[in-house]
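Dear colleague,

Please find the structure below for your consideration. My notes on its pocket and ligand site follow it.

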Amino acid sequence: MAQAIGIDIGGTGIKGGLVEVTTGELLSDRIKRPTPEGGEPDDIVKVVHTILAELDDRSADAPIGVCFPAIVRNGRTMSAANVSKKWVGLAAEQLFERALARDITFVNDADAAGYAESEFGAAKDVDGLVLMTTLGTGIGSAIIYRNLLVPNAELGHLDIGDRHDYETHASNAVRERKELSWKRWAALLQTYYEKLEFLFSPDLFIVGGGVSKHADEFLPLLQLDTPIVPAALRNNAGILGAAALAAHGSGDRYTQGAEHLIRSTNESAPSPTA
Ligand code: BGC
């Protein structure tokens with residue numbers, strides 16, 4: 001049995017768990033803490049530390065994957081939409097490794113979720129282009145083509161029509177803040193997914209984030225040519241994907257920036273470490 005820890009840092013919450021990385025099963029309770037106000041680096045690192053301490057002894061030697069809501073290149077966070085601007089340009093992977101005194105694999109949160117869906121969920125064995133979107137505090141995106149993940153797609157920040165930075169109009173946080181009905185929110189999502197459809201001609205859309213558990217309320221309202229389904233792993237996709245990337249070793253290539261494609265290990269093709 002291969003195990004790894006996944007930590008999913010979001011703009012609103014930080015979640016962690018121990019994962020069986022061949023099946024994508026969560027072996028521990030899912031531990032969840034609020035993201036500290038302001039999303040400052042040191043405060044977030046402290047919360048991650050507490051979550052790790054809460055996971056039991058079984059996980060002491062397990063590889064750790066951490067996913068974060070920003071562009072991640074060469075271990076650095078290169079953007080900060082819903083966390084402190086201090087993350088921009090920060091050597092974040094190193095910061096975590098020093099504080100936790102352990103190596104970690106560090107990736108974008110939507111990429112981790114997309115990787116998990118392609119390993120264990122709705123994108124598994126889909127022979128074509130899959131666009132995974134996470135609707136949460138922001139809008140995250142992952143591009144997966146025949147089980148290859150193209151990292152750091154930032155499709156939540158598209159300008160569409162006269163709307164600049166579309167996640168600030170249509171994320172789930174906006175729906176909650178403005179108390180939008182499912183119908184009004186779906187109208188905003190319709191515009192968004194139509195744009196993605198026009199730009200990418202995908203074979204499948206996957207919708208993740210906590211709100212995916214209410215998919216029946218809004219996905220049937222969308223009229224698209226592309227099939228659109230909720231994330232099979234719901235809001236655990238980030239934890240599972242971060243853990244799987246840490247265990248499968250793809251994270252090294254990802255964080256070094258030398259190899260920008262991550263091949264999912266559920267294929268017969270050679271794994272990235274081969
Ligand atoms: C960030 C992305 C992230 C997404 C979901 C966006 O604001 O720019 O990097 O994946 O939120 O958390």
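The notes begin with conventions and then turn to the pocket and the ligand.

This is a predicted model, in which local features need pLDDT of at least 70 and side-chain atom pairs count only at pLDDT 80 or more, while totals for chains, interfaces and linings use all residues. Residues are numbered from 1 along each chain as its sequence is written, and side-chain values use heavy atoms, with hydrogens and water left out.

The largest pocket (on a 1 Å grid over the protein atoms alone, an open set of points where a 1.4 Å probe fits, with protein on both sides within 12 Å along at least five of seven lines) holds about 820 Å³ of space. Its lining, meaning residues with an atom within 4 Å of a point, comprises 46 residues, and Gly10, Leu135, Gly136, Thr137 and Gly138 lie nearest the centre. Helix 5 contributes the most to this lining, with five residues; helices here are DSSP runs of H or I, at least four residues long, numbered from the N terminus.

Residues around the ligand (a heavy atom within 4 Å) include Pro69, Ala81, Asp109, His157 and Glu167. Three polar contacts (pairs of N or O atoms within 3.5 Å) involve ligand oxygen atoms. A polar side-chain atom of glutamate 154 lies 2.6 Å from one such oxygen atom, and for asparagine 108 the side-chain distance is 3.0 Å. Alanine 70 instead uses a backbone N or O atom, at 3.3 Å. The protein covers 94% of the 310 Å² of accessible area (Shrake-Rupley method, 1.4 Å probe) that the ligand has on its own.

Yours sincerely

Conventions:
Grid points are joined across faces, edges and corners, and a volume is the space filled by probe spheres set on the points. Helices (H or I, at least four residues) and strands (E, at least two) are DSSP runs, numbered from the N terminus. A polar contact is a pair of N or O atoms within 3.5 Å; within protein, one must be able to donate a hydrogen and the other to accept it, and residues adjacent in sequence count only if both atoms are side-chain atoms.
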